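Please follow the backbone through one helix and the loops around it, with the structure open beside the text.

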Amino acid sequence: MTAPDALASASPFSARRSVRLSRSGQEAWIVADEVDEGWVLQIGGIDQSHVDLADPTRVVHEYLRRIANVLDAFRLAGEPIRVLHLGAGALTLPRYVQATRPGSPQVVVEIERELPTLVTGALPLPAGTALEVVIGDARESLAAMEGERFDAIVLDVFSGQESPAHLATRDFYLEALPHLEGDGLLLVNVGDDAGLHFAAGQARELERAAAEHGLSEVWLLADSGLVTHLREGNLVLATGGALSSPAVEDWRVAWNKAGPHPAAVLDPMETADFVARVLGEA
């Protein structure tokens with residue numbers, strides 16, 4: 001399904017404001033954000049995503065802001081990129097990519113059939129958005145995209161021990177990486193409890209997959225306090241041919257500067273040290 005331009009002229013809540021998701025059985029709601037303005041997608045009573053219809057470049061959630069910063073740097077400003085999003089949420093990042101890189105062809109894979117319709121009906125996409133929505137499991141849907149390549153793949157389905165086990169493996173990463181262009185990026189959001197053992201394990205799995213593909217291992221972006229004190233939160237893992245660019249140290253400076261602050265941007269050696277510390281190998 002491709003989002004038509006007509007959605008951009010619709011008013012919020014012209015469609016249903018809530019729906020019961022058939023796979024999880026949970027209720028999904030679009031509600032007004034009384035603190036940060038804009039709109040929030042709630043699933044099972046928990047805030048999942050934030051959208052500012054007036055300014056799609058305003059990204060409230062820290063981990064998404066870090067991902068957006070990476071996407072900003074690795075191609076020329078405004079240049080369209082082809083992006084695969086594994087996990088839809090409220091389509092915050094596809095909105096951002098369209099706003100900052102107009103005309104970018106994007107694909108979203110979402111396992112909850114009802115969610116994209118709820119989101120696009122209540123919160124219209126920016127005019128001109130070229131978005132294909134695929135309903136299905138992330139791994140199965142990716143396998144069906146034989147021969148398709150993307151400038152960036154964003155995986156946003158992990159939340160600690162409740163994460164889909166078949167995605168939290170080296171084998172899945174090995175399957176995903178060939179879908180990147182040679183100078184592409186795989187970005188993985190991992191939410192975890194205090195101690196960050198699941199997140200460190202995911203970094204290790206991704207390190208192993210990247211090494212098998214001859215890539216420059218894994219970078220990590222997060223709140224610096226989270227990295228230092230192993231607090232509950234979200235980390236962003238990154239790998240791909242883009243990170244072999246001579247400009248990567250300039251990008252690192254830009255990512256640190258862009259925040260959100262306090263920010264930590266760990267190169268592959270620092271990431272490996274972090275993983276060893278968390279897993280008790282240091």
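**A helix and its neighbouring loops**

Because a helix is expected to span 1.5 Å times one less than its number of residues, the 16 residues of H6 should cover 22 Å, and the 23 Å between its end C-alpha atoms agrees with that. Helices (H or I, at least four residues) and strands (E, at least two) are DSSP runs, numbered from the N terminus. This is a predicted model, in which local features need pLDDT of at least 70 and side-chain atom pairs count only at pLDDT 80 or more, while totals for chains, interfaces and linings use all residues. Residues are numbered from 1 along each chain as its sequence is written, and side-chain values use heavy atoms, with hydrogens and water left out.

Within H6, the buried residues (under 20% relative accessible area, with a 1.4 Å probe and protein chains only) include Phe198, Gln202, Arg204, Glu205, Leu206 and Glu207. Just after H6, Gly214 takes a positive phi of about 70°. On the other side, the loop between strand S9 (180–192) and helix H6 (197–212) holds Leu196, a residue other than glycine whose phi is nevertheless positive, near 60°; Leu196 is buried, with a relative accessible area of 0%.

A positive phi in a residue other than glycine is also found at Leu230, where the value is near 55°, and Leu230 lies in the loop between helix H7 (224–229) and strand S11 (233–239).

The loop between helix H8 (248–258) and strand S12 (263–266) contains Pro260, which a cis peptide bond with omega of about -5° joins to Gly259. Pro262 is likewise placed in the loop between H8 and S12, and a cis peptide bond with omega of about 0° joins Pro262 to His261.

Terms used. Buried means under 20% relative accessible area, exposed over 50%, partly exposed in between (1.4 Å probe, protein chains only).
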